[in-house]
Amino acid sequence: MLTFLRPAATLLVAFTLITGIAYPLAMTELAQALFPTQARGSLVERDGQVIGSSLIGQNFAAERYFHPRPSAAGNGYDAAASSGTNLGPTSAKLADRLKADAAALRAAGVTGPIPADAITTSGSGLDPDISPANALAQAARVAGARGVDEALVRDLIAAHISGPQLRVFGDARVNVLALNLALDAAAPAATAPAPGS
């Protein structure tokens, strides 16, 4: 019996050390050497203080900021409760929420077709990006709240459009945090707090 246990225990300890400790540490060091920003969470700083991540969405509620797509993560953009709604196309609750969100956008002055991502949640509830159409639909509201020319806001949107990854995967998108930071730099509001408000 001991002749079988000793090699099994030895292999267990060896593979635990190799795959559970050595390999993860080596990959962490390699990632930090090759991709330091991404390995540290793609954190975004302003005035030396971390205000978010370019990979994790956060809620912007003030009229002077571009709003992200709705979130079903916890009470909205709760990274500890990342998830979608799991409501299907036949759900009355989903239909009612979509109608209410669309009505709120119309009341806020959005005309024309409402972009799908302006009223639908993402699978994670933490999507940091919106579509260019969603950003353009918000341009008039943001410009009005800041008291600036809408052309300036539209130019900022155009400058922050990222194409599909590797020019193939996904759609064009606008990172909400990056756009709002650029907006603060180009057209600061007198009492603008840090992004996230």
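**Exercise 1. Leu43 and its surroundings**

Find the element that holds Leu43, decide whether Leu43 counts as buried, partly exposed or exposed, and list which residues it touches beyond its sequence neighbours.

*Solution.* Start with the secondary structure of this predicted model: Leu43 is found in strand 1, which covers residues 43–46. Next, take the accessibility. Leu43 has a relative accessibility of 46%. The partly exposed class lies between 20% and 50%, so Leu43 counts as partly exposed. Now look for contacts, setting aside residues up to four places away in sequence: Leu43 touches Val50, Gly52 and Ser53. Finally, try a longer span. Leu43 and Ser162 are 119 residues apart in sequence, and their C-alpha atoms are 18 Å apart in space.

**Exercise 2. A second distance, from helix 1**

How far apart in space are Thr28 and Pro128, C-alpha to C-alpha?

*Solution.* First place Thr28: this residue is found in helix 1, residues 2–34. Thr28 has a relative accessible area of 39%, and is therefore partly exposed. Then take the C-alpha atoms of Thr28 and Pro128: they are 24 Å apart, with the two positions 100 residues apart in sequence numbering.

**Exercise 3. Two positive phi angles in one loop**

Tyr77 and Asn86 each have a positive phi. Which of the classes, buried or exposed, does each residue belong to?

*Solution.* Begin with the angles. Phi of Tyr77 is near 55 degrees, and that of Asn86 is about 65 degrees; neither residue is a glycine. Then locate them. Tyr77 lies in the loop between strand 2 (49–53) and helix 3 (92–107), and Asn86 lies in the loop between strand 2 and helix 3 too. Last, check accessibility: Tyr77, at 13%, counts as buried, whereas Asn86, at 78%, counts as exposed.

**Exercise 4. How helix 4 meets helix 5**

Describe the packing of helix 4 and helix 5: what are the angle and the axis separation, and is the crossing left-handed or right-handed?

*Solution.* Take helix 4 as residues 132–146 and helix 5 as residues 150–159; they pack at an angle of about 145 degrees, and their axes are 9 Å apart. The crossing is right-handed. Next, collect the residues in contact. Helix 4 contributes Ala135, Leu136, Ala139, Ala140, Val142 and Ala143, while helix 5 contributes Glu150, Val153, Arg154 and Ile157. Sorting these by type gives eight nonpolar, two charged and no polar residues.

**Exercise 5. The two sides of helix 5**

Which residues of helix 5 are buried, and why can they be said to line one face of the helix?

*Solution.* The buried residues of helix 5 are Val153, Leu156 and Ile157. Look down the axis of helix 5: these buried residues fall within an arc of 100 degrees, so they line one face. It helps to recall that an α-helix has 3.6 residues a turn, so residues three or four places apart point the same way. The buried residues pack against helix 4, strand 4 (161–162) and helix 6. Turn to the face away from the buried side, and you meet the exposed residues Asp155, Ala158 and Ala159.

**Exercise 6. From Val153 to the core**

List the contacts of Val153, then say which element gives the largest share of the largest nonpolar core.

*Solution.* Leaving out neighbours within four places in sequence, Val153 is in contact with Phe66, Ala139, Val142, Ala143, Val148 and Leu183. The largest nonpolar core has 21 residues, and those with the most contacts inside it are Phe66, Ala135, Val153, Ile157, Leu177, Leu179 and Leu183. Helix 4, helix 5 and helix 6 (176–186) are the elements giving two or more residues to this core. The largest share, six residues, comes from helix 6.

Notes: Residues are numbered from 1 along each chain as its sequence is written. This is a predicted model: local features need pLDDT of at least 70, side-chain atom pairs count only at pLDDT 80 or more; totals for chains, interfaces and linings use all residues. Side-chain values use heavy atoms; hydrogens and water are left out. Axes are lines fitted to C-alpha atoms, for helices over the stretch in contact, and angles run from 0 to 180 degrees between N-to-C directions. Helices (H or I, at least four residues) and strands (E, at least two) are DSSP runs, numbered from the N terminus. A crossing is left-handed if the near helix is turned anticlockwise from the far one by less than a right angle, and right-handed if clockwise. Contact means heavy atoms within 4.5 Å. Ala, Val, Leu, Ile, Met, Phe, Trp, Tyr, Cys and Pro count as nonpolar, Asp, Glu, Lys and Arg as charged, and the others, Gly among them, as polar. Buried means under 20% relative accessible area, exposed over 50%, partly exposed in between (1.4 Å probe, protein chains only). A nonpolar core is a set of buried Ala, Val, Leu, Ile, Met, Phe, Trp, Tyr and Cys residues joined through side-chain atoms within 4.5 Å. The arc is that of the directions from the helix axis to the C-beta atoms.
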